[in-house]
Amino acid sequence: SEELAATQAAPISTPEAVAAPLTGPQVYNEVCIACHAPPGVGGAPALGDSGVWAARIAQGMDALIDHALNGFTGSTGVMPRKGERVDLSDQEIIGAVEYMVEQVAQ
C-alpha cells in the first residue's frame, strides 16, 4: 500500500505536442480566405486584385501589418484584430500579410 501511495503521489510527466507555426499560405487558407477570397467581402481586398491592393501597399508593410495585428476600421470596411484569430502568433499573421502582398506582385 505504501508503494501504491507513492506511485499515486508521483507527478506524471507527459510531453506536450509543440505545433509548428503556420505558414503565410496556411494562415490565408484557414483564416483570411473567409474575407479576402475573390471578390472580397465587406471591403476586404481580394487576393491578387492589384487595383484594390495598390493604395494599401502604398502605405507600406508596417501599416498593413499593424492593421492585421491590431485591427483597423477604414472607409471601405473593417479588419478585425488578427482576423479574429487571436490564438495565432504575430509572426503567423505577418506571414499571411506577406503572402497576400506577394500575390499582388506576381
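Student: Which residues lie nearest the centre of the largest pocket?

Tutor: This is a predicted model. Its largest pocket has a lining of 30 residues. Those nearest the centre are His36, Ala44, Pro45, Val78 and Met79.

Student: Which elements give two or more residues to the lining of the largest pocket?

Tutor: Four helices and a strand do so. The strand is E2 (78-79). The helices are H2 (24-36), H3 (50-58), H4 (61-70) and H5 (90-105).

Student: Which element gives the largest share of that lining?

Tutor: The largest share of the lining of the largest pocket is five residues. They come from H2.

Student: How much space lies in the largest pocket?

Tutor: Rolling a probe the size of a water molecule over the atoms reveals where space is left empty. For the largest pocket, the space comes to about 640 Å³.

Student: How many residues of the lining are nonpolar, polar and charged?

Tutor: The lining of the largest pocket splits by class. Two residues are charged and ten are polar. The nonpolar ones number 18.

Student: Is His36 buried or exposed?

Tutor: His36 lies in helix H2. Its relative accessible area is 9%. Buried means under 20%. Therefore His36 is buried.

Student: Which backbone oxygen lies 2.7 Å from a polar atom of the His36 side chain?

Tutor: Leaving aside neighbours within four places in sequence, His36 is in contact with residues including Tyr28, Ala44, Pro45, Trp53 and Met100. One of these contacts, Pro45, also lies among the residues nearest the pocket centre. The backbone oxygen at 2.7 Å belongs to Pro45.

Student: How many salt bridges are there?

Tutor: One joins the side chains of Asp90 and Lys82, at 2.9 Å from N to O. Another joins those of Asp87 and Arg85, at 2.8 Å. The cut-off is 4 Å. The count is two.

Student: In the Asp90 and Lys82 salt bridge, which residue counts as buried?

Tutor: Asp90 has 42% relative accessibility, so Asp90 counts as partly exposed. For Lys82 the value is 8%. Buried means under 20%. The residue that counts as buried is therefore Lys82.

Student: In the Asp87 and Arg85 salt bridge, which residue counts as exposed?

Tutor: Arg85 has 27% relative accessibility and counts as partly exposed. For Asp87 the value is 55%. Exposed means over 50%. The residue that counts as exposed is therefore Asp87.

Methods. Residues are numbered from 1 along each chain as its sequence is written. This is a predicted model: local features need pLDDT of at least 70, side-chain atom pairs count only at pLDDT 80 or more; totals for chains, interfaces and linings use all residues. Side-chain values use heavy atoms; hydrogens and water are left out. Buried means under 20% relative accessible area, exposed over 50%, partly exposed in between (1.4 Å probe, protein chains only). On a 1 Å grid over the protein atoms alone, a cavity is a set of points where a 1.4 Å probe fits but cannot get out, and a pocket is an open set with protein on both sides within 12 Å along at least five of seven lines; lining residues have an atom within 4 Å of a point. Grid points are joined across faces, edges and corners, and a volume is the space filled by probe spheres set on the points. Ala, Val, Leu, Ile, Met, Phe, Trp, Tyr, Cys and Pro count as nonpolar, Asp, Glu, Lys and Arg as charged, and the others, Gly among them, as polar. A polar contact is a pair of N or O atoms within 3.5 Å; within protein, one must be able to donate a hydrogen and the other to accept it, and residues adjacent in sequence count only if both atoms are side-chain atoms. Contact means heavy atoms within 4.5 Å.
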